[in-house]
Amino acid sequence: MLDRGIWPRPHPRLKFVTNSEFIASRVRNHLGLESTVIYPVIRLESYKVSSRVPEFITFVNPVREKGVDLALEIAARVPKRRFLFVESWRVGEKERRRLQEDLKQLSNVTFAPWTNDMRTVYSRTALLIVPSQWEEAFARVALEAQVSGIPVVARDIGGIGEVLRESGILLPQNAAAEAWAQTIERLLSDQSFYAACSAAASINAARPEFNPKHQMDRFLAIVRECISK
């Protein structure tokens with residue numbers, strides 16, 4: 001929770017950096033503080049794949065906060081499509097048992113354990129779904145996929161829309177699993193639509209504000225401004 005009382009008063013040498021416009025607006029509204037937005041540094045070349053065998057609809061981080069329950073419902077509605085649920089946060093034993101029980105009912109879902117090389121995942125991904133249930137500050141997984149031209153279907157919550165802009169398919173927060181299933185089927189069945197979404201994904205990932213050099217230059221400019229005061 002943002003508590004106005006714990007923050008110092010504005011000072012010429014005190015600058016704030018936030019990781020998205022969404023968070024900047026929260027800081028402004030709750031604390032009355034202005035901040036400079038610098039997006040998280042992601043070395044996208046570490047996620048880019050040279051070729052893909054697009055066999056899976058991929059969902060990263062199968063926990064409740066990230067929308068595992070909705071993802072399970074979606075998979076149940078498109079049984080002819082193959083899904084890959086990839087562990088990101090370490091899934092606890094209780095949650096893992098629950099997930100394993102749920103997956104027994106879905107023959108079209110494969111669970112993949114945590115990996116330190118996500119290229120092994122993205123090289124097999126046709127599209128990425130991001131059904132987050134909480135307000136994401138950012139959505140780095142979307143950019144990780146987009147750098148390889150992978151289309152993204154996501155829930156319009158928090159800073160996700162800010163990251164995707166017009167490059168992804170944003171569904172309303174109250175969209176039911178059936179709406180997700182229909183969107184996925186359209187994307188995977190219409191080759192021209194898929195190609196357009198893939199091209200838009202690649203273009204979006206190349207935005208200068210996602211470039212580490214651009215981000216570092218902005219940060220150093222803030223530091224120089226503080227020092228000069």
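**View 1. The open sheet of the predicted model comprises 6 strands in parallel pairing.** The strand order is β5-β4-β3-β6-β7-β8. Strands β5 (109-112) and β8 (169-171) occupy the edges, and each has a single partner strand, so one side of each lacks a neighbour in the sheet. On average, neighbouring strands are turned by 25° against each other, direction ignored.

**View 2. Strands β3 and β6 pair in the parallel sense.** The pairing of β3 (residues 56-60) with β6 (residues 125-130) extends over 4 bridges. Phe 56 has Thr 125 of β6 as its bridge partner.

**View 3. Helices α2 and α3 pack on the sheet.** Helix α2 (residues 68-77) touches β3, β4 (83-86), β5 and β6, and its direction makes about 165° with that of β4. Helix α3 (residues 93-103) touches β4 and β5; the angle between the directions of α3 and β5 is about 155°.

**View 4. Helix α1 (residues 21-31) contains four buried residues, Phe 22, Ala 24, Val 27 and Leu 31.** Among the elements covering these residues are β1 (17-18), β2 (36-37) and α6 (160-164). Gly 32, just after α1, adopts a positive phi of about 70°.

**View 5. A nonpolar patch lies on the surface.** The patch is formed by Val 17, Met 216, Phe 219, Leu 220, Val 223 and Ile 227, which together have about 510 Å² of accessible area. Helix α9 (residues 212-228) makes the largest contribution, with 5 residues. Leu 220 is located in helix α9 and counts as partly exposed because its relative accessibility is 36%, between the limits of 20% for buried and 50% for exposed residues.

Technical notes: Residues numbered from 1 in each chain as written. Predicted model: local features only at pLDDT ≥ 70, side-chain atom pairs only at ≥ 80, totals over all residues. Heavy atoms only, no water. Patch = residues over 30% accessible without salt bridge, like charges linked within 9 Å, V, L, I, M, F, W, Y side chains within 5 Å. Areas by Shrake-Rupley, 256 points an atom, 1.4 Å probe, with all protein chains shown as cover. Salt bridge = Lys/Arg side-chain N within 4 Å of Asp/Glu carboxyl O. Helix = DSSP H or I, 4+ residues; strand = E, 2+ residues; numbered from the N terminus. Buried < 20%, exposed > 50% of the residue type's maximum accessible area, 1.4 Å probe, protein only. Contact = heavy atoms within 4.5 Å. Pairing = 2+ DSSP bridges. Axes fitted to C-alpha atoms, helices over the stretch in contact; angles between N-to-C directions.
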